[in-house]
2 protein chains.
Amino acid sequence: MENKVIRDRLSALREKMAAYGIDYYLMPTSDYHNSEYAADFFKAREYFCGFTGSNGTLVVSKDWAGMWTDGRYFIQAEREMEGTGVTLYRMGEEGIPTISEYLTDNMNSGEVLGFDGKVVPAKEGLSYENKLKKKQVKIKFDRDLAGEVWSERPELPCNQIYVLSDELCGKSFSEKLADVRKEMEENNAKAYLLCKLDDICWLTNLRGNDVECNPVILSYLFITTKNVYMFVQFDELNDEVRTYCENNGIELVAYNRIISWLDEYEYEGVTLYDERNVSYSVYRTIKDNSENRGAVVKNILDPTELMKACKNETELKNIREVYIRDSAVLTKFIYWVKKEAPKGELNEYTAAMHLDAMRAELPGFIELSFPTISAYKDNAAMMHYEATEESNAKIEPESFLLVDSGGTYMGGTTDVTRTIVMGPVSDEEKKHYTLTAVGMLQLANARFLEGCSGKNLDILARIPLWNIGVDYKCGTGHGIGYMLNVHEGPHSIRWKSRSVEDEAPLKAGMIVSDEPGVYLEGKYGIRIENIIEVVSDVKNSDGQFLSFDHLTYVPLDLDAIDTNYLQPKDIDAINEYHKMVFNKISPLIEEEEIKNWLKDATRPIEK
Amino acid sequence: MENKVIRDRLSALREKMAAYGIDYYLMPTSDYHNSEYAADFFKAREYFCGFTGSNGTLVVSKDWAGMWTDGRYFIQAEREMEGTGVTLYRMGEEGIPTISEYLTDNMNSGEVLGFDGKVVPAKEGLSYENKLKKKQVKIKFDRDLAGEVWSERPELPCNQIYVLSDELCGKSFSEKLADVRKEMEENNAKAYLLCKLDDICWLTNLRGNDVECNPVILSYLFITTKNVYMFVQFDELNDEVRTYCENNGIELVAYNRIISWLDEYEYEGVTLYDERNVSYSVYRTIKDNSENRGAVVKNILDPTELMKACKNETELKNIREVYIRDSAVLTKFIYWVKKEAPKGELNEYTAAMHLDAMRAELPGFIELSFPTISAYKDNAAMMHYEATEESNAKIEPESFLLVDSGGTYMGGTTDVTRTIVMGPVSDEEKKHYTLTAVGMLQLANARFLEGCSGKNLDILARIPLWNIGVDYKCGTGHGIGYMLNVHEGPHSIRWKSRSVEDEAPLKAGMIVSDEPGVYLEGKYGIRIENIIEVVSDVKNSDGQFLSFDHLTYVPLDLDAIDTNYLQPKDIDAINEYHKMVFNKISPLIEEEEIKNWLKDATRPIEK
């Protein structure tokens with residue numbers, strides 16, 4: 001059946017394309033800052049083809065349209081795009097061209113490729129530019145054609161900005177700015193353009209609410225040796241924020257003026273940027289203007305990324321407290337769900353709603369740090385599963401419920417996963433649960449020399465599973481923000497690195513997740529995730545050793561522990577962890593019944 | 001006191017320098033192929049300054065001479081160069097310029113830097129070239145000035161070449177050549193210059209005896225799409241070798257014609273080379289001549305390196321047998337030294353001589369694979385210690401004797417280290433020995449996914465020691481040749497990589513050492529080294545797993561095992577290993593007394 005709505009939208013787009021002399025128009029999935037979540041305002045690709053997945057790029061010509069997405073979404077995209085006339089390109093499958101290859105093969109010399117350069121990451125735009133150069137294809141990136149057609153487009157997110165006190169941040173904006181300017185000086189730079197939203201918020205000690213689950217502000221920051229310009233939507237400002245900016249020498253410029261402002265700026269010497277985080281429009285604007293004036297741009301890794309990753313003492317103190325409160329809530333939820341489930345009235349969605357409501361009552365709660373994953377039994381084998389009110393599984397009194405959740409509070413952002421026994425579990429389920437727990441604790445209990453990256457350590461979490469021929473197809477850990485994004489770099493824990501940042505050495509003050517798991521399609525999924533803090537350990541003639549402290553204190557589920565798979569040191573590790581859990585969490589639990597349950601849930605085990 | 005001998009030599013060198021218009025003359029420590037050991041012929045640096053260490057570069061001007069070496073040799077160099085007038089430059093110390101920095105600061109525009117470009121690695125030569133370009137310094141690299149002065153210079157090594165049968169190699173030269181030409185084709189190359197001696201020997205199935213402990217031939221190999229030219233000293237050839245070369249289409253060219261031949265060659269298209277392995281002279285010759293003809297040179301990692309590292313089935317079969325025989329000899333030596341030492345008449349050197357003699361009696365013995373390290377007590381804390389007839393320690397009935405040794409046989413090259421209890425050992429010695437053994441076996445018993453490099457695995461050997469705050473300042477493992485060098489790449493096991501090759505993924509058929517240790521200055525040194533073979537393990541939907549098989553079967557010393565530091569799985573690992581040792585080795589031991597001792601030395605232990 002024809003999808004007339006989409007076909008009409010594509011026709012309207014094609015009219016605009018003809019009017020502007022554009023032969024191919026491309027729409028990716030990204031906001032202006034390559035954020036993890038894109039607001040509805042940015043969902044042009046969805047508007048013009050119907051596909052709602054989190055990754056996809058639509059390309060339209062006058063008589064053809066193609067949509068590229070990855071293996072997670074082939075079935076969904078096929079279904080959602082039925083009748084639209086848009087062809088699905090299954091990325092990674094044999095014989096399927098990449099977008100660049102398709103365009104190189106199909107565009108004629110002198111034709112024009114159009115896209116809104118503000119939503120195309122610089123690297124991607126440059127790759128099109130380089131590959132199409134040979135064919136004399138021109139690129140037109142200064143028009144948001146989709147926006148011109150899209151009649152009832154949602155508003156750009158525009159929410160109140162707020163100021164965090166220096167007491168809460170541990171370091172004032174001016175101190176952080178001095179550190180950044182020192183990096184600029186070391187790079188002989190006159191200016192530095194910062195586009196990554198969590199880095200801007202970290203640096204300015206400001207927060208907002210413009211990206212789902214990320215308390216960030218749609219903004220840019222341009223720092224010179226003397227001035228700081230912050231590009232924001234003025235409707236997001238109140239008097240307090242204006243005063244704060246004035247007192248801190250932050251000059252406010254309208255968010256939508258970024259390109260024209262950068263176009264007019266008189267560049268001199270070196271301007272720094274991070275190619276991972278700038279859009280193609282921003283890149284071309286600073287690059288072309290710099291060169292016209294005999295100045296240069298220099299690609300660096302945003303220095304703020306490492307500064308932000310190494311939490312200061314104030315942040316760490318607050319984070320530790322927030323994690324204990326958050327752990328207590330999840331512990332209470334586990335008690336509740338184990339009691340409620342046998343009644344047969346819970347489903348994944350209602351369980352998640354209950355947990356979300358419990359978290360929302362905690363002091364200083366701001367928002368969830370990501371949509372709660374509540375996945376029962378085989379649903380938990382899908383890493384990107386999300387239950388909804390309409391589509392969810394009933395929780396039966398058997399197997400596992402996997403709950404991955406977290407909140408952002410005044411004082412920290414949390415992330416934690418527990419896999420909860422809902423009733424009888426098989427020997428295989430117990431084996432996998434036990435070895436996942438062993439791996440999680442083995443990594444958390446490691447001592448290692450400064451200079452190690454997650455690439456060196458990953459195997460400690462993974463080897464109990466590798467030894468039985470099982471792997472989890474993802475990294476073991478990611479960094480986490482302070483009242484910021486739940487995923488942040490530069491460090492991570494993964495055995496295969498994707499890029500140079502993945503090999504960033506771990507440093508004291510970094511926090512990182514430790515989340516091995518087992519995912520058996522059609523059967524069940526297990527993930528146990530603690531957040532751990534890198535701390536200084538002994539220093540001797542062999543060097544400075546580091547180790548981890550737990551931030552998460554939530555019981556493991558002893559109902560799924562099979563001591564046959566445990567060495568004495570593993571039993572000690574579980575018992576020591578559970579002793580800490582009880583000591584840290586029990587003071588926050590008033591209900592005698594839950595406290596007694598917790599006492600039992602954290603009881604010492606032996607072989 | 002003045003060292004007149006050296007001063008006279010330097011004067012003679014300066015006269016030559018003046019005659020050829022050379023202002024500074026540089027002599028590194030390398031042969032024409034950057035081999036691990038340089039023959040006496042190449043010891044010009046030693047001849048002109050007296051310093052005998054394995055790493056050092058001498059630079060001489062008309063009124064100054066400086067010698068750069070690293071921290072291992074500061075004291076020795078100071079002593080050996082006394083009275084020579086040569087200044088010691090302590091590399092790595094604060095304020096000490098590098099050679100490039102020194103030359104940049106001190107050479108005047110238009111002056112000439114001279115060296116024999118055949119003994120300077122291309123990378124090093126290029127670095128001088130680039131840094132001195134700004135000062136208009138000219139480089140003259142076509143004269144071996146030292147050789148012109150050095151009157152009684154030792155001969156260039158020149159030993160008989162011999163042919164290995166295809167049965168022994170498992171793959172004929174022509175098959176290997178086809179693989180190499182395939183790589184050339186993939187690189188669109190018309191020619192490929194191979195300078196690394198063990199790679200040339202591996203490819204041609206020829207062996208020689210031109211580098212100490214390495215059964216290699218001083219040679220170059222130039223491969224085109226149609227021809228193969230091998231540059232060797234004709235005195236090394238006999239009829240068998242000549243016939244073999246003729247039958248295999250290998251055209252023989254005199255070794256010393258390499259530069260003039262490369263100078264005359266009519267380059268076309270792409271010529272491949274590996275910048276790690278070519279000398280500056282060779283590089284300049286192929287590069288400049290290629291460019292003059294509109295052809296190009298392309299730097300690659302020698303493809304032979306990976307081919308050579310992945311042993312074929314024949315090689316593996318032979319290697320396994322050779323390691324069992326070699327293990328039996330070392331086991332007998334351990335029995336002997338434990339029995340002899342209490343008599344108080346052994347020293348490190350006599351013990352080593354005894355072991356070397358035992359090995360020499362094995363069938364197919366060719367030579368030691370490196371000079372035997374026999375280090376008693378605190379001497380073993382020095383990783384580069386070598387006992388000599390003149391300088392050695394007496395072996396007392398206490399503490400440890402560390403013996404690191406190996407041989408090259410028809411059928412394989414071995415390397416093994418055992419640390420042997422000579423009498424009472426302290427609790428600390430036992431703890432360190434036990435945890436070293438745990439690390440060695442933990443790595444050897446790992447199962448891991450294809451794609452892992454040594455960087456992912458290193459921590460398995462190291463973490464038992466890291467957990468008690470102890471580190472060893474070297475990698476955990478290196479590759480080993482087949483009747484070739486005891487150190488070969490591309491793979492290794494180390495947590496800090498020095499270069500991209502260090503991250504070469506492990507592949508089935510590779511062999512690698514597994515040698516954690518503890519080195520306490522002034523106290524003792526422990527190293528336990530097994531050689532292990534990478535083997536295919538289960539393959540399932542999670543991927544292809546790999547694991548290791550032992551090649552080395554020599555008992556660990558139970559006298560130094562303290563079960564307090566062992567988990568049940570570690571005890572199992574020791575007992576399983578010892579069971580294999582007894583089963584593999586005892587059939588090769590005829591003496592009833594030794595067999596009984598071995599039975600006891602490999603007895604099962606329990607907590």
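Below are some exercises on the two-chain model above, each with a worked solution.

Before you start: this is a predicted model, where local features need pLDDT of at least 70, side-chain atom pairs count only at pLDDT 80 or more, and totals for chains, interfaces and linings use all residues. Residues are numbered from 1 along each chain as its sequence is written, chains are lettered from A and ligands numbered from 1 in the order in which they are written, and side-chain values use heavy atoms, with hydrogens and water left out.

**Exercise 1. Find the residues with the most contacts inside the largest nonpolar core, then list what Phe548(A) touches.**

Step 1: get the terms straight. A nonpolar core is a set of buried Ala, Val, Leu, Ile, Met, Phe, Trp, Tyr and Cys residues joined through side-chain atoms within 4.5 Å. Buried means under 20% relative accessible area, exposed over 50%, and partly exposed in between (1.4 Å probe, protein chains only).

Step 2: pick out the hubs. The largest core holds 121 residues, and those with the most contacts inside it are Phe448, Phe548 and Leu556 of chain A, plus Phe448(B), Phe548(B) and Leu556(B).

Step 3: look for another core. There is a second, separate one of 95 residues, with Tyr24(A), Leu103(A), Leu156(A) and Cys195(A) among its members.

Step 4: go back to Phe548(A). Skipping neighbours within four places in sequence, its contacts (heavy atoms within 4.5 Å) include Leu443(A), Phe448(A), Leu457(A), Ile532(A) and Glu533(A).

**Exercise 2. Describe the interface of chain A and chain B: its buried area, its residues and its polar pairs.**

Step 1: count residues. Chain A gives 30 residues to the contact and chain B gives 30 residues.

Step 2: take the area. Buried area is the accessible area (1.4 Å probe) that two parts lose on being put together, summed over both. Here that comes to about 2500 Å², with carbon and sulfur atoms giving 57%. On the chain A side, Arg447(A), Asn456(A) and Trp466(A) lose the most area to chain B, together 21% of what that side buries.

Step 3: check the pairs. The rule finds 2 salt bridges across the interface, a salt bridge being a side-chain nitrogen of Lys or Arg within 4 Å of a carboxyl oxygen of Asp or Glu. Glu503(A) meets Lys455(B) in a salt bridge at 2.7 Å, N to O. There are also 16 residue pairs in polar contact across the interface, both residues at pLDDT 80 or more. A polar contact is a pair of N or O atoms within 3.5 Å; within protein, one must be able to donate a hydrogen and the other to accept it, and residues adjacent in sequence count only if both atoms are side-chain atoms.

Step 4: assign the elements. Helices (H or I, at least four residues) and strands (E, at least two) are DSSP runs, numbered from the N terminus. On the side of chain A that touches chain B, β21 (447–449), α17 (454–466), β27 (530–540) and α18 (568–585) each give two or more residues. α17(A) gives the most, with 7 residues.

**Exercise 3. Work out which parts of chain B are tied together by the salt bridges of Lys308(B) and Lys455(B).**

Step 1: start with Lys308(B). Its salt bridge to Glu488(B) has the closest N and O atoms 3.8 Å apart. Lys308(B) sits in helix α13 (residues 303–309) and Glu488(B) in strand β23 (residues 488–493), so the pair ties together parts 180 residues apart in sequence. Both residues are buried.

Step 2: turn to Lys455(B). Within chain B, Lys455(B) pairs with Glu503(B), the closest N and O atoms being 3.2 Å apart. Lys455(B) lies in helix α17 (residues 454–466) and Glu503(B) in the loop between β23 and β24 (511–514), so this pair links parts 48 residues apart in sequence.

Step 3: compare exposure. Lys455(B) is buried, with a relative accessible area of 8%, whereas Glu503(B) is partly exposed at 23%.

**Exercise 4. Where does Thr552(A) lie, and is Thr552(A) buried or exposed?**

Step 1: place the residue. Thr552(A) is in the loop between β28 (543–550) and α18 of chain A.

Step 2: read the accessibility. At 1%, Thr552(A) counts as buried.

Step 3: trace the surroundings. The Thr552(A) side chain reaches the backbone nitrogen of Ile531(A) at 2.8 Å. Not counting residues up to four places away in sequence, Thr552(A) also touches others, including Tyr323(A), Asp415(A), Arg418(A) and Tyr577(A).
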